[in-house]
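Student: Could we go through this one together, slowly? I would like to know what can be read from it and how far to trust it.

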Amino acid sequence: MSTWDDDEDDWDDGVAEGSDDLDDEPTVPCPYCRRPIHEDAQRCPYCEQYISEEDRPTEPKPWWLVAGVVVCLLLVVWWILA
């Protein structure tokens with residue numbers, strides 16, 4: 001229970017000093033930097049690497065690949081219509 005302690009002019013939130021709620025959660029070592037991270041983390045907060053490939057965002061296709069496909073399609077359409 002949270003209370004206001006008039007004697008110390010402090011806010012008492014019911015948590016002992018020095019205790020972290022994060023210490024209770026399971027941790028595993030990061031596969032890249034070996035620092036402890038939360039078991040359910042998608043990304044390491046230290047080295048910022050994604051833990052699994054499923055969590056990694058997809059990268060856009062290179063511009064030259066998209067331009068090559070468009071040019072090939074235009075050539076096919078031109079060949080059919082000519």
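Tutor: Let us begin with a term: a salt bridge is a side-chain nitrogen of Lys or Arg within 4 Å of a carboxyl oxygen of Asp or Glu. By this rule the count here comes to 1 salt bridge, and Arg-43 forms it with Glu-48, the closest N and O atoms being 3.7 Å apart.

Student: Before I go on, what kind of model is this, and how are residues numbered?

Tutor: This is a predicted model, in which local features need pLDDT of at least 70 and side-chain atom pairs count only at pLDDT 80 or more, while totals for chains, interfaces and linings use all residues. Residues are numbered from 1 along each chain as its sequence is written, and side-chain values use heavy atoms, with hydrogens and water left out.

Student: What is the mean pLDDT of the chain?

Tutor: The pLDDT is the predictor's confidence in each residue, from 0 to 100, and its mean over the protein chain is 79, with 71% of the residues reaching 70 or more. Confidence is lowest in strand S1 (residues 3-5), at a mean of 53, and highest in H1, at 94. Where pLDDT is low, the predicted coordinates should not be read in detail.

Student: OK, and how many helices and strands are there?

Tutor: Helices (H or I, at least four residues) and strands (E, at least two) are DSSP runs, numbered from the N terminus, and by that reading the protein chain has 1 helix and 4 strands. Along the sequence they follow the pattern β-β-β-β-α.

Student: Back to the salt bridge: is Arg-43 buried or exposed?

Tutor: Neither, because Arg-43 has a relative accessible area of 38% and counts as partly exposed; buried means under 20% relative accessible area, exposed over 50%, and partly exposed in between (1.4 Å probe, protein chains only). Of the 82 residues of the protein chain, 5% count as buried.

Student: And where is its partner, Glu-48?

Tutor: Glu-48 lies in the loop between S4 and H1, and it has a positive phi of about 60° although it is not a glycine. Arg-34 also has a positive phi, near 70°, in a residue other than glycine. Arg-34 sits in the loop between strand S3 (27-29) and strand S4 (36-38), and it is exposed, with a relative accessible area of 58%.

Student: What does Pro-29 touch, apart from its neighbours in sequence?

Tutor: Contact means heavy atoms within 4.5 Å, and, leaving aside its neighbours within four places in sequence, Pro-29 is in contact with Arg-34, Arg-35 and Pro-36. Pro-29 is found in strand S3 and counts as partly exposed, at 43% relative accessibility.

Student: New topic: how many disulfides does a search of the whole structure find?

Tutor: The search finds 0 disulfides, where a disulfide is a pair of cysteine sulfur atoms within 2.5 Å. The sulfur of Cys-30 is 3.7 Å from the closest cysteine sulfur, in Cys-47, which is too far for a bond.

Student: And why is there no bond at Cys-33?

Tutor: Because its sulfur is 3.7 Å from the closest cysteine sulfur, in Cys-44, and that is too far for a bond. Cys-33 counts as partly exposed, at 28% relative accessibility, whereas Cys-30 is buried, with a relative accessible area of 0%.

Student: Last one: which residues form the nonpolar patch on the surface?

Tutor: They are Val-71, Leu-75, Val-76, Val-77, Trp-78, Trp-79, Ile-80 and Leu-81, with about 950 Å² of accessible area together. Patches are made of residues with over 30% relative accessible area and no salt bridge, like charges being joined within 9 Å and nonpolar side chains (Val, Leu, Ile, Met, Phe, Trp, Tyr) within 5 Å. Accessible areas come from the Shrake-Rupley method with a 1.4 Å probe, and for residues only the protein chains shown count as cover. Within the patch, Ile-80 belongs to helix H1 (residues 63-81) and is exposed, with a relative accessible area of 61%.
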